[in-house]
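Q: Please take one part of this model and look at it closely. What is it made of, and what surrounds it?

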Amino acid sequence: MTRARRIVCAALAALLFGCPGPFASPSLVDYPRVLAVVAEAPTVEPGAQVTLTPIVGGSVNTGVFSWSLCVRPELASTGLPLSSFGAFEAERGCDTEGALVIAPPSSERSPTFSVPAGLLTDEAALRVAFGANLSGETLRSLAARAGVTAVASVTWTVDGMTTHAFKRVLIRLGERNTNPAAPSVRINGRTVRRSPARADELCEPDDGMGPIGVAMGARVLLEPSTDESWVEQFTILDASGNLVEQSEGSFRSWFSTAGQFDLGRSRAPDLNPSWVAPRVPGDVTLWLILRDGHGGTSACRWTIAVR
Amino acid sequence: MVRKAGLTPTSAACTVATVLLAVAATGHGQGRRRTRNVRPASDGVTVRARPEQAAATRMTFRGAETANVPGTAGDAARVVASQPGVMRTPFGVGFFAVRGTSFENTGLIVEGFPVPVLYHFAAGPSVVPTRLVSSLDFYPGGYPAQYGRYAGGLVSLEIAAPDVQRRTIDAEVSIFGASAAVTAPFEGRRGGVSFGVRRSYYDVLLPLVFPSVTLNFGDAQAVIDWRVNDRTRAQLVFLGSTDVYDRSDIRRAAGASTLNRDGIQVHFFRVIGKIDHRYANGFALNFSAMVGADDISFSSADTGRPDTNIRYGGATVGERASVRIPLGNQWAASLGIDSLATLFRSTVTFPELLGTSIVPNPQANRFATYAEADVTQWDVTPWAEIVGRAGPVDTSVGVRASYLHSGGKNYWLVDPRGVVRVALDRRTTLIASTGLFSQPAPFFALVPLLGNGALGPQTSWQSSVGVEARLDEGYDVRSTVFINRMWGLPRPTNELVELRPGDVRRILLTDNGEGFASGIELYVRRRLLRGVFGWVSATWSRAERWIPGGAPFPFALDQSFVLNAAASWEINSRWRLGARFALSTGTPTNRVYGATWDADASTFRPDYTPEGERLPVFHQLDLRLDYRFRSLGADMNFYVDVLNVYFARGTEGWNFQYDYRTRQPLQGLPLLPVVGVKAQWR
């Protein structure tokens with residue numbers, strides 16, 4: 001198709017069907033946002049402790065955090081596309097109607113909660129999680145086989161803005177679940193990775209030669225590490241009520257304070273996104289969030305100098 | 001010319017009213033002029049609300065003239081969309097939601113047997129071409145006992161007998177498709193045979209604008225009609241239809257290729273044979289039988305997730321038998337039995353549904369599940385109806401008793417119905433009706449994994465009271481108040497169901513939804529007189545749904561007010577001009593006030609206010625111009641049917657930014673001109 005014909009066709013399509021909206025990319029962090037929450041550990045037993053660490057961007061200030069841990073009802077209805085019955089139901093954190101708070105709230109940046117020891121036998125909590133109409137025997141059976149998903153809600157107030165997020169923590173007996181190894185990224189022949197000594201998600205080039213520099217408007221291929229030695233097996237109670245074994249996956253989400261990704265999320269075979277640097281000079285922060293699809297999360301944050 | 005800018009519903013309504021008045025006024029002053037070589041248009045009344053004792057309201061559309069109503073793109077069946085009680089459907093989708101019921105509650109039947117779709121994709125024409133439509137009956141509710149299986153309204157098409165007087169060849173070419181048909185008499189004009197075929201060429205034009213999209217439809221028909229003798233008539237009908245939509249994008253990045261695809265295909269055929277016999281003493285016997293097959297599939301593919309394929313289809317068979325028994329001069333009884341069986345096989349490949357205590361992925365579930373199952377549904381339904389007159393009162397009482405097998409369970413469904421019509425004077429009739437209308441679970445809801453094979457039937461209790469009046473100058477007026485109470489409605493859920501202690505299953509559909517709808521309809525029609533016909537229909541209604549124990553909320557398709565006005569003016573024997581205006585208040589939708597970041601799924605979840613909101617008011621004007629002439633030895637009809645003349649950008653929903661901080665309207669059909677020419681050689 002010739003260029004002129006393409007233009008004519010695009011104009012015709014725009015005339016007939018309207019122009020696509022100028023929506024911002026979800027990968028662009030241009031205001032305070034919680035990008036991920038790391039739970040240590042993603043699965044804990046009743047009576048154990050879980051520490052939650054937010055990965056945030058869009059502000060250099062610390063702000064104020066407010067945390068709560070609860071058990072909430074699973075969605076009572078879904079918005080199936082075939083349905084014309086009625087409204088969709090919102091999925092929220094501990095402000096969901098009927099949620100049951102199971103630990104004292106915290107205002108620390110990275111709080112540690114103690115999970116009640118009797119949670120998996122607490123019928124009131126189990127009814128909240130699984131449904132009020134189920135028998136006590138069924139509730140206990142579900143808790144023993146599948147565990148209970150607690151939800152940690154966080155509110156971050158900074159720079160006059162408030163953002164809300166939630167993270168699931170699986171409360172289950174006898175399941176080992178660790179977070180994925182911190183990811184590394186190869187960029188223009190150099191690799192950024194997290195120093196084992198650091199507690200936060202900051203990554204730096206491992207060659208010690210300072211920040212990676214790219215030209216304004218340059219397209220850069222980002223090649224994340226493909227090591228999946230951390231992948232674990234686990235069992236789930238599927239929709240048919242059967243226990244089935246699954247293995248963790250690797251799901252990558254990409255963010256930056258400027259510039260543009262061609263893929264905001266990547267996994268094989270589309271593993272390596274490219275990032276186009278902004279056309280103004282300055283330091284740009286990028287994040288790679290790696291999730292295992294089983295509650296495990298790790299992150300890498302680094303800086304690219306755009307010249 | 002109505003300009004888009006600054007157009008308000010009020011100004012639009014005024015504009016259309018002015019157009020209608022102008023059309024009507026001019027029509028009154030026009031004499032009928034005919035040129036010698038142009039065949040006159042049909043003088044028959046094309047739209048009628050003729051009384052039927054067994055039905056509270058029946059709108060009957062006859063003849064090809066109905067196809068000249070603007071906004072129908074030449075298709076008679078689309079006239080239903082302009083009738084009272086019919087809610088506007090988004091994007092011109094060819095399904096009708098009537099009197100507060102849902103799409104699947106309005107039956108689409110041909111010769112008494114259901115078809116999976118009545119319209120082709122992309123606002124396409126009816127699967128039954130207008131030339132084959134003998135009559136189209138639309139029942140907004142309260143339909144007679146001879147019909148069943150639908151809890152809402154009913155659209156019933158009867159197939160026309162081929163012309164037995166002469167051989168004819170019909171052809172039509174428009175910018176979207178072409179058709180051809182041939183009709184010939186046989187057996188000394190005691191019988192006629194007709195064959196037709198139609199094919200769109202969307203798949204030629206669309207890739208010029210959207211290279212990755214394939215869209216086409218086609219259909220074929222054959223009708224053999226034979227008058228065995230003066231009392232007996234036999235007919236054999238074949239209908240076949242195919243629709244294909246496919247959008248495929250190959251994405252190549254970093255040395256890898258991935259497929260992004262959506263597709264829908266609907267193929268079906270029906271073979272219907274029927275025989276009618278009338279005895280001299282008023283007895284009448286009717287028998288018809290149908291065999292058919294459906295093949296319906298949905299598919300999608302996307303990066304990082306298993307391909308989705310949903311396919312169901314198989315055989316469908318049915319029969320209808322009835323006898324009419326006269327009981328004196330004023331009364332008659334009808335007895336019948338009809339049966340329908342769908343023997344479908346369904347296969348589903350789908351990303352695994354969430355189990356219990358699961359942490360969702362940032363992308364769609366990478367695990368696929370596969371399920372296949374036989375989905376069998378059949379019923380045997382005897383019915384009886386007595387209709388008669390006593391003085392000024394016409395009465396109809398009927399009952400259907402259906403033995404239904406669905407989802408491995410058996411049900412008895414008994415639907416009593418009654419209609420009373422009281423002639424208040426020579427022109428005015430009071431009509432009241434009430435009855436139960438049961439419907440088996442819709443087929444798509446029984447598909448394994450995504451549906452629930454154990455869904456039971458749903459029922460509506462429909463009641464109405466109305467007045468019909470026949471006025472001077474060819475005007476008829478009807479006003480009806482209706483209420484519908486519904487229960488057993490399928491509704492989405494995500495709940496865990498306990499099969500036995502310790503054994504649970506997650507279901508996505510259940511059948512305990514309830515609903516209520518009420519409203520008032522006003523219909524003013526001008527019969528074809530001095531070259532002008534048209535109608536104005538208005539419906540004020542409210543439809544609600546609720547879950548037992550929960551508060552009512554507006555039904556997803558609820559529209560408080562719907563107005564349709566259509567008029568056609570035969571300027572002279574060559575030119576005809578028509579206009580149609582539609583206006584409706586918006587459907588309910590969730591009001592989003594913020595969003596919460598789901599740190600596991602890496603996405604924002606919208607937060608809704610409890611009270612919701614409505615989409616903006618919709619309004620649209622369609623115009624149609626016909627020009628008839630003779631050329632190449634044929635009667636020709638050139639037409640231009642322009643949908644959405646002033647380019648109103650109707651809002652059918654909202655597109656949201658990823659964080660729900662801003663939104664933009666999901667816009668409906670654009671300005672769409674349809675140009676074509678029909679030809680008939682005799």
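A: Contact here means heavy atoms within 4.5 Å. The model is predicted, so local features need pLDDT of at least 70 and side-chain atom pairs pLDDT 80 or more, while totals for chains, interfaces and linings use all residues. Residues are numbered from 1 along each chain as its sequence is written, chains are lettered from A and ligands numbered from 1 in the order written, and side-chain values use heavy atoms, without hydrogens or water.

The part chosen is helix α2 of chain A, residues 123–130. Helices (H or I, at least four residues) and strands (E, at least two) are DSSP runs numbered from the N terminus. At the start of α2(A), the backbone nitrogen of A124(A) has a side-chain oxygen of D122(A) within 3.1 Å. Just after the helix comes G131(A), with a positive phi of about 135°.

Five residues of α2(A) are buried (under 20% relative accessible area, 1.4 Å probe, protein chains only; exposed is over 50%, partly exposed in between). They are A125(A), L126(A), V128(A), A129(A) and F130(A). Within chain A, these buried residues pack against β4 (64–71), β5 (100–106), α3 (136–146) and β7 (148–158). They also pack against β24 (496–500) of chain B.

One of these neighbours, strand β4 of chain A, holds a cysteine, C70(A). A disulfide (a pair of cysteine sulfur atoms within 2.5 Å) joins C70(A) to C94(A), with S to S at 2.1 Å. C94(A) is in the loop between β4 and β5, 24 residues from C70(A), and the pair links distant parts of the chain. Both cysteines are buried. The torsion about their S-S bond is about -95°, so this disulfide is left-handed.

Over all chains the count of disulfides is 2. The other pair is C203(A) and C300(A), with S to S at 2.0 Å. C203(A) lies in strand β11 (203–205) and C300(A) in strand β21 (297–306), so this disulfide ties together parts 97 residues apart in sequence. C203(A) is buried at 3% relative accessibility, and C300(A) is buried at 0%. Counting bonded cysteines along chain A, the pattern is 1-2, 3-4.

Chain B, which supplies β24 to the surroundings of α2(A), has 2 helices and 39 strands. Of its 682 residues, 55% are buried. Among contacts in chain B with a separation of 6 or more, 62% come from residues 24 or more positions apart.

Technical notes: A polar contact is a pair of N or O atoms within 3.5 Å; within protein, one must be able to donate a hydrogen and the other to accept it, and residues adjacent in sequence count only if both atoms are side-chain atoms.
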